[in-house]
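Colleague: Please walk me through this one in terms of what each label rests on. I'd like the cut-offs as we go.

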Amino acid sequence: MSSSFYWSLPFLQPAPSGEAPRTKVALIVLNQPFSKPLLHRLWHASDWRCCADGGANRLHDLLSGADDRPTSYVARLLAWFIQSRRTEADEYLPDLLKGDLDSLRDDVKQFYEARGVPVVKDGDQYSTDLAKCVRSLEEKEQSDGVDTPYDVVLLGSLSGRLDHIIHVLASLHKLRQSGRRIFAVTDDNVGWVLDEGKHHISIDHSILGPTCGLLPVGVDSTVLTTTGLRWNLTNETSGFGGLISTSNHLVPEEDTVFVETSRPIWWVAELRRENL
């Protein structure tokens, strides 16, 4: 008998007043671009925040007004000026900054260390910065005696360099076996791995749509059946050598998408930027 899974995205929706989300959320900031509105929404929906190496550069520069940094002496002068005044970056301090630190700039490292943020160098070359951050989250959960694993949201994960995107796809494909729910979010879309089985995805049309896709990444092929989409599939084989359901559409009248898949696949849906 195949397993059934139920999905929703409370971290992308305004939190109801006085109500805490049922599952805690860990935000991991990666070294790819993202906007302030998306950061603000995810940050305030999260219970633990971590920057993976160069993700700290992105967070710092976006909030301090240092996105277009000059070089050489002027850059050092600007870095001193930024650190000497209070900016929005002081209001968004992560709980941890971790990685092999090969991408972290010195001025950013000094900024966060001066504000008490732990900066941890992990030189393990057999694990990625993302994996290092997830390992720290696991240690926190064990220390806190958490029964239900945190949901993980990766910010800045499906944009930028293709090799980085493939790394995220592969990492989440492997991490699905941990039983933890991990979502990849950019300003354009949100995506996650649907393991083999039946999936019921709650759709909030104010933040999702209209386009979506079912991507057989990491498998040779899968057999798909769907409902709730503009172009549904019924026991269709999907693979890179044949059919792939890209540029499908959510249906405004449907608040749930059902997907049954015989192999793990990626589900992605477009984000409505104007409602972040």
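Modeller: Gladly, starting with the elements: helices (H or I, at least four residues) and strands (E, at least two) are DSSP runs, numbered from the N terminus. With those names in hand, Pro149 sits in the loop between H5 and S6. This is a predicted model, so local features need pLDDT of at least 70 and side-chain atom pairs count only at pLDDT 80 or more, while totals for chains, interfaces and linings use all residues. Residues are numbered from 1 along each chain as its sequence is written, and side-chain values use heavy atoms, with hydrogens and water left out.

Colleague: Why is Pro149 called partly exposed?

Modeller: Buried means under 20% relative accessible area, exposed over 50%, and partly exposed in between (1.4 Å probe, protein chains only). Pro149 has 34% relative accessibility, so the middle class is the one that applies.

Colleague: Which residues does Pro149 touch?

Modeller: A contact needs heavy atoms within 4.5 Å. Leaving aside residues up to four places away in sequence, Pro149 touches Thr23, Glu141 and Arg180. Its C-alpha atom is also 7.7 Å from that of Lys24, although the two are 125 residues apart along the chain.

Colleague: What makes Arg180 and Glu141 a salt bridge?

Modeller: The rule asks for a side-chain nitrogen of Lys or Arg within 4 Å of a carboxyl oxygen of Asp or Glu. The closest N and O atoms of Arg180 and Glu141 are 2.7 Å apart, so the pair passes the 4 Å test. It links distant parts of the chain, with Arg180 in the loop between H6 and S7 and Glu141 in helix H5, 39 residues apart. Both residues are buried.

Colleague: How many salt bridges turn up in the whole structure?

Modeller: The search finds twelve. One of them joins Asp122 and Arg135, at 2.8 Å from N to O. Asp122 lies in the loop between S5 and H5 and Arg135 in helix H5, so this pair ties together parts that are 13 residues apart in sequence. The two partners fall into separate classes: Asp122 is buried at 15%, and Arg135 is partly exposed at 29%. Asp107 and Arg105 also meet, at 3.0 Å from N to O, and with Asp61 they are linked in a network of salt bridges.

Colleague: Why do Asp107 and Arg105 count as buried?

Modeller: Asp107 has a relative accessible area of 15%, and Arg105 is at 15% as well. Both values are under the 20% limit, so the label follows.

Colleague: How do you know that Cys50 is in no disulfide?

Modeller: A disulfide is a pair of cysteine sulfur atoms within 2.5 Å, and by this rule the count comes to zero. For Cys50, the nearest cysteine sulfur is that of Cys133, 3.3 Å away, so the 2.5 Å test is not met. Cys50 is buried, at 0%.

Colleague: What arrangement do the ten strands have?

Modeller: Two strands pair if DSSP finds at least two bridges between them. On that basis they form an open sheet of mixed pairing, in the order S5-S4-S3-S2-S6-S7-S8-S15-S10-S13. S5 (119–121) and S13 (245–249) are the edge strands, as each pairs on one side only. The twist averages 20 degrees from one strand to the next; axes are lines fitted to C-alpha atoms, for helices over the stretch in contact, and angles run from 0 to 180 degrees between N-to-C directions. Helix H1 (36–44) packs on the sheet, and its direction makes about 165 degrees with that of S6.

Colleague: Why do S6 and S7 count as paired?

Modeller: Four bridges join them, and they run parallel; the rule needs at least two, so they qualify. Leu154 has Ala184 in S7 as its bridge partner. Both faces of S7 are covered, with Ile182 and Ala184 buried on one side and Phe183 and Val185 on the other.

Colleague: How do you know that the span of H6 agrees with expectation?

Modeller: The expected span is 1.5 Å times one less than the number of residues. For the 14 residues of H6 (162–175) that should give 20 Å, and the end C-alpha atoms are 20 Å apart, so the two agree. Among the buried residues of H6 are Ile165, Val168 and Leu169, and the elements covering its buried residues include H5, S6 and S7.
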